[in-house]
Amino acid sequence: MLKKMQLTLPALLIGSSVLLGACGAEKEPAAVEPVKQEQKAAADLNGVVDEYRKFVIAQSDEFVKSTEAFTTAVKAGDIEKAKALYAPTRMYFERIEPIAESLGDFDPWIDARENDVPDSEWRGFHKLEKALWVDNSVKGQEAVADQLLQDVKMLRVKVESVEIDANLLVTGAVELLNEVSATKVTGEEERYSHTDLYDFAANVEGAKEIFKVIRPQLEKKDAALATEIDKQFAALEESLAPYRKGDGYVLYTELSKEQTTKLSQAVDALAEPLSQMGTVLEG
């Protein structure tokens, strides 16, 4: 949206000046103040993007390190260590997934589930997930592990220069919650390991980070909406808290239907006000 708003805001300001000029033909439209407003809006939004980019790069750095440890365990045939590292490693990716999705094929390379792509093209975390939890063997998976690490390293390089705009931020926050609703709270994402709640938590954390950087701008325009989003983030985190186990989360298969329904309702309650951010920021 930053790119869009950088275009939209000047258009609105110019439009306002023309309208004012038409209403009062004797007076010249004031040109100085709109330019200042335009520059201030652009500067504020640039600051938001810069702050979020730092978060993305930091997460990407940790993603490379953790993936290296995970793939090393896979190549060493250390099943238990690889299983232990699998879900925590994926959380770095899940927090910044909208960025990966904006970079072409990285998302399917790293995160495609079985049947999402042709078998001949399937690679990434979920291919190793199946080997670990279904086959209980990683024999012959060395090339998959090497490719995954290479893809993750390449993603890290790309995020350095990825074009992030406010539109990507706002839609990204909503998309992260949609991901939770579509695949995490349903148990579809981690169909073999059942570690869906790690992804769930990471998606929510990623959406909250986006909201955190946007919040000062949102509060200027609609403080009540910012407060409501705060409230719903807290409610969602409270709903997820009982399922923490050590440094991670219980398996999805340990949740009852009633518990997953309650989580889904908390996600929906947050998604509704969060989806209003774009309209408010454009206003």
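Let me turn directly to α8 and α9, which in this predicted model are roughly antiparallel to each other. Their axes come within 9 Å and cross at roughly 160 degrees. Since angles over 145 degrees count as roughly antiparallel, the pair is therefore assigned to that class. As to handedness, α8 passes α9 in a left-handed crossing.

Which residues make this contact? On the α8 side they are L169, V170, G172, A173, L176, L177, E179, V180, T183 and K184. On the α9 side they are D196, D199, F200, N203, V204, G206, A207, I210, V213 and I214. By character, the residues of this contact divide into twelve nonpolar, four polar and four charged.

Both of these helices also meet α11, to which I now turn. Helix α11 covers residues 257-274, 18 residues in total. From its first C-alpha to its last, α11 reaches 26 Å, close to the 26 Å expected at 1.5 Å a residue. The buried residues of α11 are T260, L263, A266, V267, L270, A271, P273 and L274. What do these buried residues pack against? Their partners are α8 (166-184), α9 (196-221), α10 (223-240) and α12 (277-282).

My next topic is a single residue, S60. S60 is located in helix α2, which spans residues 32-75. Is S60 buried or exposed? With a relative accessible area of 2%, S60 is buried, the cut-off being under 20%. Leaving aside residues up to four places away in sequence, S60 touches I96, R156 and V159. In addition, the C-alpha atoms of S60 and K153 are separated by 8.5 Å, although these two residues lie 93 residues apart along the chain.

Finally, I would draw attention to the backbone at two asparagines. N115 is not a glycine, yet has a positive phi of about 80 degrees. Its position is in the loop between α5 (106-111) and α6 (125-135). The relative accessibility of N115 is 61%, and N115 therefore counts as exposed.

Where does N136 lie? N136 is found in the loop between α6 and α7, the latter comprising residues 142-159. Phi of N136 is near 55 degrees, again a positive value in a residue other than glycine. At 48% relative accessibility, however, N136 counts as partly exposed, because the exposed class requires a value over 50%.

Conventions: Residues are numbered from 1 along each chain as its sequence is written. This is a predicted model: local features need pLDDT of at least 70, side-chain atom pairs count only at pLDDT 80 or more; totals for chains, interfaces and linings use all residues. Side-chain values use heavy atoms; hydrogens and water are left out. Helices (H or I, at least four residues) and strands (E, at least two) are DSSP runs, numbered from the N terminus. The expected span of a helix is 1.5 Å times one less than its number of residues. Buried means under 20% relative accessible area, exposed over 50%, partly exposed in between (1.4 Å probe, protein chains only). Contact means heavy atoms within 4.5 Å. Axes are lines fitted to C-alpha atoms, for helices over the stretch in contact, and angles run from 0 to 180 degrees between N-to-C directions. Angles under 35 degrees count as roughly parallel, over 145 as roughly antiparallel, 65 to 115 as roughly perpendicular and the rest as oblique. A crossing is left-handed if the near helix is turned anticlockwise from the far one by less than a right angle, and right-handed if clockwise. Ala, Val, Leu, Ile, Met, Phe, Trp, Tyr, Cys and Pro count as nonpolar, Asp, Glu, Lys and Arg as charged, and the others, Gly among them, as polar.
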